[in-house]
Amino acid sequence: MTNPNVPQFPFGNDGWTTKDRATASCFCSAVQLSFPIEGEDLVATFVCHCTDERKNTASMFGNAYSLPPKPASNFIVNDSALKHERGEEKLSKFAQSFTIESGRTMENSFCSNCGTLMYRRSSGFPGKSILRIGTVDDFHLHETKLKPQIEQFTKDRVAWLEPAKDIAQDSGNYFDPRKIEMGGDGVY
């Protein structure tokens, strides 16, 4: 059994964790980011079952590193707190809106060497980046500080998959800016 208080770096790369920041790397390690693991700059952690994530990950289980595996395990950070440690020039970008339920544009930034999706940015959430939990170098954080708080688009969850245990459920986009609780006017 592993010690829950000790960082776990199973790939032996140069990832690191401090009390308030950690790193995420692509599969080939050409790209490395650092991000906050607490405080207001770590906006949210969530699992997404939307059909866009299915297509984007080419799998029902978008994140092979999450434990247990879940479709697209993500976390949101403020862009002002996201730092490119290396390889920013290696990132390729692709943006589109036709698979996004809200019709907003989603831009993917991925490693041009290995194809790992490092983060997404939505036109609906300016100033925020959506990172994949599976890219986080310290696997201990997958089960602790980055454990998903919300499971969204549950209406699109495959029937044979049980709801995630002990986290909030939302049939649609929990973070939809049109929702009153997200500061919107409630008009869809």
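Begin by selecting F139, which you will find in helix α2, the helix that spans residues 139–143. What you have open is a predicted model, and every value quoted on this tour is computed from it. With the side chain of F139 displayed, its relative accessible area comes to 14%, and the residue is buried because that value falls under 20%. Now add P7 to the selection and draw a distance between the two C-alpha atoms: F139 and P7 lie 132 residues apart along the chain, yet these atoms are separated by 7.1 Å.

Next, zoom out to the whole chain and colour it by secondary structure, where two helices and eleven strands should appear. Followed along the sequence, these elements come in the pattern β-β-β-α-β-β-β-β-β-β-α-β-β. If you switch on a surface, the exposed area is about 9,700 Å², of which carbon and sulfur atoms supply 53%, while 45% of the 188 residues count as buried. Among the contacts with a separation of 6 or more, 55% are between residues 24 or more positions apart.

Turn now to the strands. In what order do the eight strands of the open sheet lie? The order is β6-β7-β8-β9-β4-β3-β10-β11, and the pairing is mixed. Select residues 91–96 and then 168–169 to see the edge strands, β6 and β11, each of which pairs on one side only. Then isolate β3, residues 42–48, together with β4, residues 73–78, a pair that runs in the antiparallel sense over five bridges. Within this pair, pick V47 and look across to β4, where its bridge partner is S73.

From here, select F46, Y174 and F175, which form one aromatic cluster. The structure holds three aromatic pairs. For Y174 and F175, the ring centres are 5.0 Å apart and the planes stand at 80 degrees, so the pair is edge-to-face. Which of these two residues is buried, and which is partly exposed? Y174 is partly exposed, with a relative accessible area of 29%, whereas F175, at 10% relative accessibility, counts as buried.

The last part of the tour concerns charged side chains, since the structure holds six salt bridges. Select R86 and D14 for one of them, in which the side chains meet at 2.9 Å, N to O. This pair links distant parts of the chain, with R86 in strand β5 (residues 83–86) and D14 in the segment before β1 (21–25), 72 residues apart. Both partners can be checked on the surface: R86 counts as partly exposed at 27% relative accessibility, and D14 counts as partly exposed at 44%.

Move on to R121 and D79, whose side chains meet in a salt bridge at 3.4 Å, N to O. Here too distant parts of the chain are linked, with R121 in strand β8 (residues 117–122) and D79 in the loop between β4 and β5, 42 residues apart. R121 is partly exposed at 23% relative accessibility, and D79 is partly exposed with a relative accessible area of 25%.

Finish with E151 and R157, where the side chains meet in a salt bridge of 2.9 Å, N to O. Are these two residues buried or exposed? Hide the surface to view them, for both E151 and R157 are buried.

Notes: Residues are numbered from 1 along each chain as its sequence is written. This is a predicted model: local features need pLDDT of at least 70, side-chain atom pairs count only at pLDDT 80 or more; totals for chains, interfaces and linings use all residues. Side-chain values use heavy atoms; hydrogens and water are left out. Helices (H or I, at least four residues) and strands (E, at least two) are DSSP runs, numbered from the N terminus. Buried means under 20% relative accessible area, exposed over 50%, partly exposed in between (1.4 Å probe, protein chains only). Contact means heavy atoms within 4.5 Å. Accessible areas come from the Shrake-Rupley method with a 1.4 Å probe; for residues, only the protein chains shown count as cover. Rings of Phe, Tyr and Trp (its six-membered ring) pair if their centres lie within 6.5 Å; planes under 30 degrees apart count as stacked, over 60 as edge-to-face and the rest as tilted. Two strands pair if DSSP finds at least two bridges between them. A salt bridge is a side-chain nitrogen of Lys or Arg within 4 Å of a carboxyl oxygen of Asp or Glu.
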